[in-house]
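Thanks for making time. I will go through one structure, taking some charged pairs and then a helix. Please have a look at it before I start.

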Amino acid sequence: MTQLTDRDLDEIRARCEAATPGPWKYMVEGRDNTSGDSFIMRGTKGDRHSDLYLNANGKPGTDADCDFVAGARQDIPRLLDEIERLRRVKSK
């Protein structure tokens, strides 16, 4: 695997910043809500956005896939920040 360039990181950060603001949380029917489908809730009570549903071949996405997508909204910006921090430390 090749090292991520500054341009790669800038492009990843731009995609994160263009996405609907977080937090995103996977809401599982029967665990987190009592009727309807499982979905990814985007935003908070004061700033909710439309829910996100994942499908593959006409079937709901797996719990693992939905957890991954919902978590990525919070995880990727944190990972980018950590990469930048480590690069600053390394360059000192």
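I begin with Glu-11, which is partly exposed at 35% relative accessibility. Keep in mind that this is a predicted model. The side chain of Glu-11 meets that of Arg-7 in a salt bridge, with 3.1 Å from N to O. Where do these two residues sit? Both are in helix α1, four residues apart, or about one turn of the helix. In general, an α-helix has 3.6 residues a turn, so residues three or four places apart point the same way. Arg-7 is exposed, at a relative accessible area of 61%.

How many salt bridges does the structure hold? The count is seven, and I will pick out a few of them.

The next one pairs Arg-13 with Asp-81, and its closest N and O atoms are 2.9 Å apart. Asp-81 belongs to helix α2 and Arg-13 to helix α1, so this pair ties together parts that are 68 residues apart in sequence. Is Arg-13 buried or exposed? With 18% relative accessibility Arg-13 counts as buried, because the cut-off for buried is under 20%. Its partner Asp-81, at 42%, counts as partly exposed.

A further salt bridge joins the side chains of Asp-51 and Arg-48, at 2.5 Å from N to O. Asp-51 is partly exposed, with a relative accessible area of 27%. Arg-48 is partly exposed too, with a relative accessible area of 40%. Going back to Arg-13 and Asp-81, salt bridges with shared partners link these two and Glu-84 into one network.

Now to helix α2, where Asp-81 lies. Helix α2 covers residues 63–91, which is 29 residues. From its first C-alpha to its last it reaches 40 Å, close to the 42 Å expected at 1.5 Å a residue. Where is the kink in α2 centred? The kink is centred on Ala-72 and comes to about 50°.

Ala-72 is also one of the buried residues of α2. The others on that list are Cys-66, Ala-70, Gly-71, Arg-73, Pro-77 and Leu-80. What covers the buried residues of α2? The cover includes helix α1 (6–18), together with strands β1 (24–27) and β2 (39–44). Helix α1 therefore comes up twice for α2: α1 is among the elements covering its buried residues, and α1 holds Arg-13, the salt-bridge partner of Asp-81.

That is what I wanted to show.

Note on methods
Residues numbered from 1 in each chain as written. Predicted model: local features only at pLDDT ≥ 70, side-chain atom pairs only at ≥ 80, totals over all residues. Heavy atoms only, no water. Helix = DSSP H or I, 4+ residues; strand = E, 2+ residues; numbered from the N terminus. Expected span 1.5 Å × (residues − 1). Bend = angle between axes of the 7 residues up to and from the residue. Buried < 20%, exposed > 50% of the residue type's maximum accessible area, 1.4 Å probe, protein only. Contact = heavy atoms within 4.5 Å. Salt bridge = Lys/Arg side-chain N within 4 Å of Asp/Glu carboxyl O.
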